Amino acid sequence: MQVPADEKTLIARANRGEKAAIGQLYNTHIQAIYKYVRYRVDTDSLAEDITSEVFLRMVRELPRYNYTGAPFSAWLYRIASNCITDMFRRQRYDTTEELPEELPGEHVDPLDSVAHAENQAQLRQALQLLPPDYQNVLILRFVNDMSHAEVAAVMEKTEGALRVLQHRALKSLANALQTIQREGGEQ
Amino acid sequence: MTESEFTSNEQQIIEQLHHSPAPTMNQEAVERLRQQLFDEVDQVWGNPGDQLIEMTVQHSSHIRWLVIVLAVILLLAGIVLVMLISRPGATPVIQATATVTAMQTSASPTNSPLLVQASPTAAASTTPPATPSETPVASLIVIEGPVSQITDDYIIIFDQLIETDRLTDVTTQLTPGVLVRVEGEAHLDEHRIVISAVQITVIQSSDLRSGQPGAPPPSDSGRSSRSSRDS
């Protein structure tokens, strides 16, 4: 797992409360964290709230943060995952009952847009039916394009365990997607 | 396990996930959060300006407490001082001591029958009266030595005038040279200390002074004026 050489220095400066260093960490990770959170929750505003909470917690916990050689992002994703869990607990959020709103899409061919949107909506719906661990591994690996080692660091698992988890998660997602598509076809 | 080991269905899902839309936080929200973050940094670490103000406030608070403590100490000291000054037991005290030591040596080659070493010392210390109207109280003084002169109302020992008008019955028995112990009250008469004898005790009769080293020690009967009076 490669950690940028200057990340350690940056973290040390942030650890002392240097705004410039904290600002730099924020700039580096804000969009990736937001993307991860946005895939785990249904609305933009909720994703923004949780992302805010993630970085505020980061600032509060920084004085106690010990650099262990793991990427800083792993720590941030863990905070994000905890924030989402807390949010679900607090709001008794039931992901199985609410259909997610449409994610802002990249530019797609207008001819394919309807089919693409439908596919994406079903994919997100199926994704949110999965247990949190399965969601985490699939989003971090295939949406956020993180390596096995990075995801293993975030989820505090060995790479072997992560690969097994990823395999199961993909199978579950495939099953969930088939179910949704079948139900959609029947209607 | 590599991605090539996935089934085609799984591979299709992975592709779909890879090409899923990448939501981004809008710039306004990013800037708003950045400001929130920096405010939080100030709260967690405190900014230097705040620290300076806090330090100044703390110091002024310490100084205020110091002033209060000093004021309380001064107040207590004042109260104690007033209590001491106004204490009713503060009466004038006159302490006067006089020591006369008489020593008889054994027979010496010079055949000096009696060597009297007398070192009359008198020390008087007075504590200033709390109020000027109070009269000084005489204290008891003791003087021992040979009687050098005798008059009707006085005897003189080591040039010290001693009033004996209250003890005329004893003084009639005294003769010059008799070693006596006088207990009396000292008081100032103009610039001179005068002792009014209260009790006179004959310590040694005059025959010792006349050069008889083998003379018997004074009997108990002759020791006190009271005994003399009784006899």
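Okay, let's start in a loop: Asp145(A) sits between α6 and α7 of chain A. This is a predicted model, by the way, so keep that in mind as we go. What caught my eye about Asp145(A) is its backbone: the residue isn't a glycine, and yet phi is positive, about 55°. Most residues other than glycine have a negative phi. As for its surroundings, Asp145(A) is exposed, with a relative accessible area of 51%, and the cut-off for exposed is over 50%.

Now walk along the chain to α7(A). Is that helix enclosed or out in the open? Of its 8 residues, 7 are buried, so α7(A) is largely enclosed by the rest of the structure. The buried ones are His148(A), Ala149(A), Val151(A), Ala152(A), Ala153(A), Val154(A) and Met155(A).

And what comes right after α7(A)? Glu156(A) follows, again with a positive phi, near 55°. Glu156(A) isn't a glycine either. You'll find it in the loop between α7 and α8, where α8 covers 159-186 of chain A. With 61% relative accessibility, Glu156(A) counts as exposed.

Let me stay with α7(A) for one more thing, a long-range pairing. Ala153(A), one of those buried residues, has its C-alpha 7.0 Å from the C-alpha of Ala70(A), and the two are 83 residues apart in sequence. Ala70(A) is in the loop between α3 (44-61) and α4 of chain A. Its relative accessible area is 24%, so that one is partly exposed.

Right, on to the second largest pocket. Its volume is about 150 Å³. Who lines it? Going along chain A, we have Tyr36(A), Tyr77(A), Arg78(A), Ser81(A) and Asn82(A), then Asp133(A), Asn136(A) and Leu140(A), and finally Val154(A), Met155(A), Glu156(A) and Lys157(A). So our positive-phi Glu156(A) turns up again, as part of that lining. Three elements of chain A give two or more residues each: α4 (72-91), α6 (132-143) and α7 (148-155). Which of the elements gives the most? That's α4(A), with 4 residues.

In terms of chemistry, the lining splits into 5 nonpolar, 3 polar and 4 charged residues. And where does the pocket lie with respect to the domains? Domain 1 (1-94) and domain 2 (110-187) of chain A both give residues to the lining, so the pocket lies between them.

Let me zoom out to chain A as a whole. How many helices and strands does chain A have? The count is 8 helices and 0 strands, so if you read from the N terminus you just get α-α-α-α-α-α-α-α. Chain A has 187 residues, and 49% of them count as buried. If you take contacts with a separation of 6 or more, 65% are between residues 24 or more positions apart. The accessible surface comes to about 9,200 Å², and carbon and sulfur atoms account for 47% of that.

Next up, chain B. Here we have 5 helices and 7 strands, and along the sequence they go α-α-α-β-β-β-β-β-α-β-β-α. Out of 231 residues in chain B, 28% count as buried. For contacts with a separation of 6 or more, the share from residues 24 or more positions apart is 57%. Chain B exposes about 15,100 Å², with 59% of it coming from carbon and sulfur atoms.

Two residues in chain B are worth a stop. The first stop is Thr164(B), in the loop between β5 (160-163) and α4 (168-171) of chain B. Buried or exposed, then? Thr164(B) is buried, and its relative accessible area is 0%. What does it touch? Leaving out residues up to four places away in sequence, Thr164(B) contacts Asp152(B), Asp153(B), Tyr154(B) and Ile155(B), plus Thr171(B), Ala197(B) and Ile200(B).

The other stop is Leu179(B), which belongs to strand β6, residues 179-189 of chain B. Leu179(B) is buried too, with a relative accessible area of 10%. How far is it from Gly145(B)? In sequence, 34 residues separate Leu179(B) and Gly145(B), while in space they are 5.2 Å apart, C-alpha to C-alpha.

That's my tour; happy to pull any of these up on screen.

Methods: Residues numbered from 1 in each chain as written. Chains lettered and ligands numbered in written order. Predicted model: local features only at pLDDT ≥ 70, side-chain atom pairs only at ≥ 80, totals over all residues. Heavy atoms only, no water. 1 Å grid on protein atoms, 1.4 Å probe; cavity = no way out; pocket = protein on both sides within 12 Å on 5 of 7 lines; lining within 4 Å. Points joined across faces, edges and corners; volume = space filled by probe spheres on them. Nonpolar A, V, L, I, M, F, W, Y, C, P; charged D, E, K, R; others polar. Domains from an automatic or database assignment. Buried < 20%, exposed > 50% of the residue type's maximum accessible area, 1.4 Å probe, protein only. Contact = heavy atoms within 4.5 Å. Areas by Shrake-Rupley, 256 points an atom, 1.4 Å probe, with all protein chains shown as cover.
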